[in-house]
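Biologist: I'd like to go through the labels on this one and hear the reasoning behind each. Can we look at it together?

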Amino acid sequence: MDHITSEQSEIMYEGIWRGVSTAVVGRVNWEGFTSVWPGLTSDPTSSARARDLGNWLTTVDKVVVSTTLQQTDLDKTEWTNARVSRDLEAEIRSLKAAPGRDIPTTLGGGVRLLPDGLSSKRRLSQATTIPTTGAVALCYRRPEG
């Protein structure tokens, strides 16, 4: 939690979410986000930037990729505009074909998103270290064209 609320993290996350119209997360991130962000958003001692991010998380379109969650699980939270998807590859293809801005994907623990040994043309474009916590955020970009 310390790395989420550090000023450096807030600046980095703001740079991402301001250009985004859809968030794609897995079950573990969904459960973590919904257990933490509503409280941070409503806490008057949270920074203005953290409250803005929390408000964005509340209202942005969200796709939760999970084989275990049901839509009723998502509907029990304070967050709106969330739906379950079982097929990540088809979901991303559909989102990319639709109008909209960027789609952030938050990766963490859980089932591997990609198989071992898969090569990617994406290249590291930014690495941010949060000095107060030691957390590292890596941003990859697709090659142009």
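Biologist: Why is Arg 83 called partly exposed?

Modeller: Keep in mind that this is a predicted model. Arg 83 has a relative accessible area of 36%. Partly exposed covers what lies between under 20%, which is buried, and over 50%, which is exposed, so Arg 83 is partly exposed.

Biologist: And what makes Glu 91 buried?

Modeller: Glu 91 has 11% relative accessibility. The cut-off for buried is under 20%, so Glu 91 counts as buried.

Biologist: How do you know that Glu 91 and Arg 83 meet in a salt bridge?

Modeller: Their side chains come to 2.5 Å, N to O. The limit is within 4 Å, so the pair qualifies as a salt bridge. As background, side chains of opposite charge can pair when their charged atoms come close.

Biologist: What about Asp 73 and Lys 76: why is that pair called a salt bridge?

Modeller: The closest N and O atoms are 3.9 Å apart. That is still within 4 Å, so Asp 73 and Lys 76 form a salt bridge.

Biologist: Which labels do Asp 73 and Lys 76 get, and why?

Modeller: Asp 73 has 26% relative accessibility, so it counts as partly exposed. Lys 76 is at 67%, and exposed means over 50%, so Lys 76 counts as exposed.

Biologist: What makes Arg 27 and Glu 31 a salt bridge, and where do they lie?

Modeller: The closest N and O atoms of Arg 27 and Glu 31 are 2.8 Å apart, and the cut-off is within 4 Å, so they count as a salt bridge. Both lie in helix 3 (residues 27–42), 4 residues apart, or about one turn of the helix. Arg 27 is partly exposed at 32%, and Glu 31 is partly exposed at 36%.

Biologist: How many salt bridges turn up in the whole structure?

Modeller: A search of the whole structure gives 4.

Biologist: Let's turn to the surface. Why does Val 136 count as exposed?

Modeller: Val 136 has 54% relative accessibility. Exposed means over 50%, so Val 136 counts as exposed.

Biologist: Which residues join Val 136 in the nonpolar patch?

Modeller: Leu 124, Leu 138 and Tyr 140 do, and with Val 136 they have about 400 Å² of accessible area together. Strand 6 (residues 135–141) gives the most to the patch, with 3 residues. Val 136 lies in that strand.

Biologist: And how much of the chain counts as buried?

Modeller: Of its 145 residues, 30% count as buried.

Conventions:
Residues numbered from 1 in each chain as written. Predicted model: local features only at pLDDT ≥ 70, side-chain atom pairs only at ≥ 80, totals over all residues. Heavy atoms only, no water. Patch = residues over 30% accessible without salt bridge, like charges linked within 9 Å, V, L, I, M, F, W, Y side chains within 5 Å. Areas by Shrake-Rupley, 256 points an atom, 1.4 Å probe, with all protein chains shown as cover. Helix = DSSP H or I, 4+ residues; strand = E, 2+ residues; numbered from the N terminus. Buried < 20%, exposed > 50% of the residue type's maximum accessible area, 1.4 Å probe, protein only.
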